[in-house]
4 protein chains.
Amino acid sequence: MAENVRRDPFARPGKVHREDAEIEFSRVVAFSDGVFAIAITLLVLALEVPAGVDDLAQELVDLNPNLIAYALSFAVVGRFWLSHHRFYGSLARFDGTLMGLNIFYLAWVCLVPFSSELLGEYSENTTSTVVYAVNMAGASATFVIQIFYAYRAGLIREEAKAAERRYAGPANFVVVAVFLASIPVAFVSTVAAQAMWLAIFAVGRRAGDWIARRQT
Amino acid sequence: MAENVRRDPFARPGKVHREDAEIEFSRVVAFSDGVFAIAITLLVLALEVPAGVDDLAQELVDLNPNLIAYALSFAVVGRFWLSHHRFYGSLARFDGTLMGLNIFYLAWVCLVPFSSELLGEYSENTTSTVVYAVNMAGASATFVIQIFYAYRAGLIREEAKAAERRYAGPANFVVVAVFLASIPVAFVSTVAAQAMWLAIFAVGRRAGDWIARRQT
Amino acid sequence: MAENVRRDPFARPGKVHREDAEIEFSRVVAFSDGVFAIAITLLVLALEVPAGVDDLAQELVDLNPNLIAYALSFAVVGRFWLSHHRFYGSLARFDGTLMGLNIFYLAWVCLVPFSSELLGEYSENTTSTVVYAVNMAGASATFVIQIFYAYRAGLIREEAKAAERRYAGPANFVVVAVFLASIPVAFVSTVAAQAMWLAIFAVGRRAGDWIARRQT
Amino acid sequence: MAENVRRDPFARPGKVHREDAEIEFSRVVAFSDGVFAIAITLLVLALEVPAGVDDLAQELVDLNPNLIAYALSFAVVGRFWLSHHRFYGSLARFDGTLMGLNIFYLAWVCLVPFSSELLGEYSENTTSTVVYAVNMAGASATFVIQIFYAYRAGLIREEAKAAERRYAGPANFVVVAVFLASIPVAFVSTVAAQAMWLAIFAVGRRAGDWIARRQT
């Protein structure tokens with residue numbers, strides 16, 4: 001009976017153990033993966049095939065900023081997915097609040113095809129750069145909130161807790177901070193703001209480690 | 001032999017135990033999840049990148065109703081998915097009728113990107129508000145039908161039945177009722193009709209509990 | 001060692017047992033489900049939101065043929081998926097040829113959003129009706145080929161063979177025949193051709209049973 | 001404790017055994033499958049329904065190059081997926097580098113709907129032919145890199161190593177070579193370049209076998 005109660009997804013409030021509800025847990029993960037996979041694939045729709053032009057080569061050269069936005073966004077969403085993958089791999093159990101937070105997070109991820117197309121079309125424009133930074137900061141921030149909530153609610157596996165606190169939390173916090181910091185920078189120089197985003201890939205992990213060291 | 005017959009998906013009429021046909025059950029669930037994930041991600045296609053404008057910031061301000069429709073629809077479809085997730089978690093077995101009803105339900109869910117874009121483009125318009133309400137009422141109603149059918153056909157796990165009858169059924173019935181009730185309201189005030197939808201998120205669960213209490 | 005050989009997907013030619021390679025089998029199924037889920041969800045893209053019109057209600061009334069095409073195609077693809085689901089549930093093992101045939105089949109299924117939009121835009125047109133019928137006949141025919149191949153190659157579970165031969169094979173053969181027969185009819189009357197398609201849902205199973213009885 | 005460390009996805013650097021982290025491994029696979037399924041289904045969006053024409057039949061005849069590009073790209077992406085399926089079936093474990101390489105590879109696969117639409121619209125054009133060849137060469141090359149890395153890093157199952165070295169590696173290398181070789185050819189004759197691509201399906205496996213024999 002006690003087991004039944006724990007297995008029952010209606011028995012609120014309660015946390016469901018991964019092993020007790022493997023199919024339910026894997027559905028949350030499968031849904032998230034599906035949304036990631038679709039959002040990352042929809043990025044290609046920003047690359048429009050020019051209609052009835054004579055000099056196709058020149059038209060494609062003009063598509064360059066769109067291709068760069070595609071590559072950047074693919075890398076960013078891919079990195080988001082890797083972090084999400086790692087984080088959900090560290091969960092021992094989950095609850096309704098985490099699922100709600102996850103949907104809120106996915107709403108930011110699903111906006112990326114729009115922001116990315118905007119950035120490709122208006123590549124040296126303050127507005128599009130700010131929109132892109134806000135979108136990415138929103139996605140990263142709602143992800144950090146998930147990590148913090150999971151940590152507080154005791155949803156993380158015992159052996160993964162240290163890594164989560166020392167590595168994943170700070171690293172993702174740095175991502176939020178860089179995207180937020182790039183917003184005022186975009187009003188001065190869009191190139192500088194965009195360079196800050198690229199820097200995340202280079203120094204993100206290192207900065208996360210540095211913060212982690214200072215905490216201990 | 002008896003076991004073979006139970007395992008055989010061709011042995012009609014019959015209900016298939018989840019444990020007997022885990023891969024078949026998880027396919028139904030995976031297909032539904034896929035449809036949910038795609039429908040929720042396609043919502044972003046309603047946000048069109050303006051072509052070749054000078055004042056991009058102003059154009060994006062004009063996109064505000066579309067962004068609100070995106071956020072609302074993401075929340076609604078997300079909530080639909082959570083309910084679906086919970087309901088399928090309570091099933092002990094399934095049959096062909098439930099699968100047919102599920103496809104009928106998904107047809108309504110897949111319409112949401114259209115209704116949502118319509119609402120974003122024509123945000124204070126009676127027609128678009130009615131279409132949105134009809135779409136959501138149709139989705140909720142076909143979901144309630146699934147719950148009722150599963151309950152009657154004995155497809156729900158014993159320990160989940162009480163919760164299903166007291167919580168999920170009434171809560172989803174309230175959602176149908178609110179969306180239906182918002183249709184006549186939309187002819188008087190589209191703002192009032194849309195406010196009713198938002199109220200679902202605030203009072204939906206409470207109202208479901210209230211109905212459940214009156215039943216017992 | 002013998003076990004290793006059987007587990008090795010590179011050991012050609014050979015059939016892989018479902019139990020020996022559950023993850024590989026479930027990938028084929030998951031990929032197919034993904035394609036089905038996306039194709040069925042893309043149907044909604046045929047419903048275009050009219051831009052900047054005054055009488056929105058009238059515009060939506062004009063969308064009626066598109067909505068009918070949406071409903072019809074959702075039902076047809078949903079039925080295709082149910083048949084595919086049932087067929088793969090009856091497999092004991094699979095091989096490379098079946099996977100190739102499956103991809104060929106999915107190429108027809110993925111064309112449905114195009115044919116469906118065409119039918120919605122040109123609802124009483126011989127050309128669009130023929131294209132739709134050819135698309136559906138192609139999908140059904142390549143599905144029947146999969147069933148026949150799987151039956152011949154001994155990929156079907158022993159206990160499911162009878163059902164496959166008596167039920168699934170003939171039923172799907174009827175679907176092919178009706179779609180093919182509707183092609184010449186479309187040159188005389190598109191309404192009659194489309195009525196034939198609807199008849200599949202009503203009489204398809206019955207006709208399959210009738211054929212099955214004559215065979216035995 | 002030692003087991004915990006191996007199970008811990010945060011314990012870097014390290015390779016994760018498939019059996020130790022089945023759900024994590026299947027997420028990578030599911031994400032890849034999702035991306036493949038969406039990319040292959042988005043190919044249909046290149047087939048535009050002509051708006052308000054009188055002679056629909058003639059319009060559809062003009063769509064022929066687009067249909068051919070659809071069929072070709074469906075076959076190519078389908079083949080990519082089969083290779084990916086086979087390769088991941090041969091893995092004994094995976095690590096973060098392979099996951100990063102996989103995302104880089106998927107970025108090329110996701111470009112195919114764009115290149116395919118370009119080829120359909122400009123079917124006898126040097127530029128579109130070159131873009132298509134570059135896209136496919138990029139996808140094939142990043143796939144070969146994955147195989148080589150996995151082989152070097154000891155991620156491949158012992159019993160699959162010989163097949164991987166003798167069959168999969170060379171076969172995929174031939175695909176890269178043919179697509180690369182077709183680029184200069186496209187400047188002389190687009191038909192000849194495109195014929196080379198089709199030849200892959202006919203001779204690809206045979207050439208791979210031939211290379212494999214010369215190596216031994």
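A residue is taken as buried if 20 or more other C-beta atoms lie within 10 Å of its own, and as exposed if 12 or fewer do. The views below are of a predicted model.

**View 1. Helix α6 of chain C and its buried residues.** Helix α6 of chain C, which spans residues 112-121, is mostly covered, for ten of its ten residues are buried. Those buried residues of α6(C) begin with Val112(C), Pro113(C), Phe114(C), Ser115(C) and Ser116(C), and continue with Glu117(C), Leu118(C), Leu119(C), Gly120(C) and Glu121(C).

**View 2. Helices α4 and α6 of chain D where they cross.** The axes of helix α4 (residues 64-89) and helix α6 (residues 112-121) of chain D come within 8 Å and cross at roughly 150 degrees. Angles over 145 degrees count as roughly antiparallel, and α4(D) and α6(D) are therefore roughly antiparallel to each other. The crossing in which α4(D) passes α6(D) is right-handed. On the side of α4(D), the residues that take part are Pro65(D), Asn66(D), Ala69(D), Tyr70(D), Ser73(D) and Val77(D), and in α6(D) they meet Val112(D), Ser116(D), Leu119(D) and Gly120(D). Sorted by class, this contact of α4(D) with α6(D) has six nonpolar and four polar residues, with no charged residues.

**View 3. Chains A and D, their relation and their contact.** Chain A is superposed on chain D, with an RMSD of 0.0 Å, by a rotation of 90 degrees with 0.0 Å of shift along its axis. That is the relation of a four-fold axis. The copies nevertheless use different surfaces, in that 10% of the contact residues of chain A recur in chain D. In this pair, 30 residues of chain A are in contact with 29 residues of chain D. On the side of chain A that touches chain D, at least two residues each are supplied by α2 (22-42), α3 (56-62), α4 (64-89) and α8 (158-188) of chain A. The largest share of that side, ten residues, comes from α2(A). By class, the residues of the side of chain A that touches chain D divide into 20 nonpolar, seven polar and three charged.

**View 4. Chains B and A, their relation and their contact.** A turn of 90 degrees and a shift of 0.0 Å along the axis lay chain B on chain A with an RMSD of 0.0 Å. The copies meet through different surfaces, because only 10% of the interface residues of chain B are also interface residues in chain A. Here 30 residues of chain B are in contact with 29 residues of chain A. The elements of chain B that give two or more residues to the side touching chain A are α2 (22-42), α3 (56-62), α4 (64-89) and α7 (158-188). Among them, α2(B) gives the most, with ten residues. The side of chain B that touches chain A is made up of 20 nonpolar, seven polar and three charged residues.

**View 5. Phe201(D) in helix α9 of chain D.** Phe201(D) has its place in helix α9 (residues 190-215) of chain D, and it is exposed, with 12 other C-beta atoms within 10 Å. Phe201(D) and Phe80(D) are 121 residues apart in sequence, and their C-alpha atoms are 12 Å apart in space.

**View 6. Pro184(C) in helix α8 of chain C.** Helix α8 (residues 158-188) of chain C holds Pro184(C), which counts as exposed, with 11 C-beta neighbours inside 10 Å. From C-alpha to C-alpha, Pro184(C) and Val130(C) are 8.3 Å apart in space, while 54 residues separate them in sequence.

Notes: Residues are numbered from 1 along each chain as its sequence is written. Chains are lettered from A and ligands numbered from 1 in the order in which they are written. This is a predicted model: local features need pLDDT of at least 70, side-chain atom pairs count only at pLDDT 80 or more; totals for chains, interfaces and linings use all residues. Copies are superposed by least squares on the C-alpha atoms of residues with pLDDT of at least 70 in both. Two residues are in contact if their C-beta atoms, placed from the backbone, lie within 7 Å. Helices (H or I, at least four residues) and strands (E, at least two) are DSSP runs, numbered from the N terminus. Ala, Val, Leu, Ile, Met, Phe, Trp, Tyr, Cys and Pro count as nonpolar, Asp, Glu, Lys and Arg as charged, and the others, Gly among them, as polar. Axes are lines fitted to C-alpha atoms, for helices over the stretch in contact, and angles run from 0 to 180 degrees between N-to-C directions. Angles under 35 degrees count as roughly parallel, over 145 as roughly antiparallel, 65 to 115 as roughly perpendicular and the rest as oblique. A crossing is left-handed if the near helix is turned anticlockwise from the far one by less than a right angle, and right-handed if clockwise.
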